[in-house]
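Here are my notes on this model, written as a numbered list. Have the structure open while you read, and click along as we go.

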Amino acid sequence: MVQFFRNIGHVLYRIWFYVLVALPIFLFFPFLLLTVFSEKTYPQFFWLARNLWARPILYGMGCFPKIEREQQMKKGKSYMLISNHTSMLDIMLMLAVSKNPFVFVGKKELVKIPVFGFFYKRVCIMVDRDSIRSRTGVYLRAQRRLDQGLSICIFPEGGVPEEHIVLDAFKDGAFKMAIAHKIPVVPITFYDNKKRFSFTFFSGGPGRVRVKVHSFFETGILGEEDKSTLREEVREVILNELK
């Protein structure tokens, strides 16, 4: 009986999450719409998404961010943001972490989510991981966004790992891109998102969501042949924290 009521609580918690995801979009729809159709107004869209969407979701879920920084990002500078991926909260928490406007590189499947998908496909760089042509196109679109002074955010595991895997192997794409564009890689560890709101249905609950922004990896003197070394060094930083 105790487990039954606990499961009911988990269901209600998940329903509340989707209410919080949709509610700000409906409330601020005209403002979001005004900023979503032009790349020139993306910084304004980012501010709205960060302050009027991501933060209300986190605080509304009782997931209060606690952010530790070993190094600060500079205003107006582009970065490659990298973190582990275990939860839908990762999107909101990443927005809370960075004041610098950035663009997510993410799976095209998220376009199917009602309401959210409408904005997602207009402001994110979508990739079909099964298509070589799509993966190649990501680099061209990322170049344009970097030229506009934005940063890029990628979850390099390429998806959410199996329950027993602490941190899956990283894909090359983010590191190849960072080296090609000579931008610093910013490793970020999310400690608690899996516990707070995992992809396992009957799980989750409110509490602290801790984040650590690690010291940056500079790429100015690196060549493409260094991407594997960079990839493994960045992964090791995050894995050591999770262990």
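Leaving aside its neighbours within four places in sequence, which residues is aspartate 90 in contact with?

1. Aspartate 90 is in contact with Asn84, His85, Phe155, Phe190 and Asn193, once neighbours within four places in sequence are left aside. Contact here means heavy atoms within 4.5 Å. Before we go on, a word on the ground rules: this is a predicted model, where local features need pLDDT of at least 70 and side-chain atom pairs count only at pLDDT 80 or more, while totals for chains, interfaces and linings use all residues. Residues are numbered from 1 along each chain as its sequence is written, and side-chain values use heavy atoms, with hydrogens and water left out.

2. Stay with aspartate 90 for a moment. It is found in helix α4, residues 89-97. (Helices are DSSP runs of H or I with at least four residues, strands are runs of E with at least two, and both are numbered from the N terminus.) Aspartate 90 counts as buried because its relative accessibility is 0%; buried means under 20% relative accessible area, exposed over 50%, and partly exposed in between, with a 1.4 Å probe and protein chains only. Its side chain also makes a polar contact with the side chain of histidine 85, at 2.6 Å. (A polar contact is a pair of N or O atoms within 3.5 Å; within protein, one must be able to donate a hydrogen and the other to accept it, and residues adjacent in sequence count only if both atoms are side-chain atoms.)

3. Now the sheet. Seven strands form an open sheet with mixed pairing, in the order β1-β7-β6-β2-β5-β3-β4. Two strands pair if DSSP finds at least two bridges between them. β1 (63-69) and β4 (125-127) stand at the edges with a single partner strand each, so one side of each has no neighbour in the sheet. On average, neighbouring strands of this sheet are turned by 25 degrees against each other, direction ignored.

4. Which way do the strands pair? Strands of a sheet pair through backbone hydrogen bonds, either parallel or antiparallel. β6 (residues 185-190) and β7 (residues 207-213) are antiparallel over three bridges, and phenylalanine 190 stands opposite valine 211 in β7. α4 packs on the sheet, touching β1, β2 (80-83), β3, β5 (151-154), β6 and β7, and its direction makes about 125 degrees with that of β6. (Axes are lines fitted to C-alpha atoms, for helices over the stretch in contact, and angles run from 0 to 180 degrees between N-to-C directions.)

5. β5 is worth a click. It pairs in the parallel sense with β2 over three bridges, and four bridges join it to β3, also parallel. Cysteine 153 in β5 stands opposite leucine 81, and it is also the bridge partner of phenylalanine 104. In a regular strand the side chains alternate between the two faces of the sheet. Both faces of β5 are covered: Ser151 and Cys153 on one side, and Ile152 and Ile154 on the other, are all buried.

6. Next, helix α3 (residues 42-60), which lies across β1 and β3 (102-107) and runs at about 120 degrees to β1. Its 19 residues should span 27 Å at 1.5 Å a residue, and its end C-alpha atoms are 25 Å apart, which agrees. The expected span is 1.5 Å times one less than the number of residues. α3 has a kink of about 30 degrees centred on alanine 49. (The bend at a residue is the angle between axes fitted to the seven residues ending there and the seven starting there.) Alanine 49 is also one of the buried residues of α3.

7. Glycine 60 lies in α3 too, and is partly exposed at 32% relative accessible area. Beyond its neighbours within four places in sequence, glycine 60 is in contact with Trp16 and Leu20. After α3 comes glycine 62, with a positive phi near 75 degrees.

8. Finally, look at α7 (173-181) and the loop that leads to β6, where lysine 182 sits. Lysine 182 has a positive phi near 55 degrees, in a residue other than glycine, and counts as partly exposed because its relative accessibility is 41%. Isoleucine 179 in α7 is buried, at 4%. Its C-alpha atom is 6.6 Å from that of glutamate 224, although the two are 45 residues apart along the chain.
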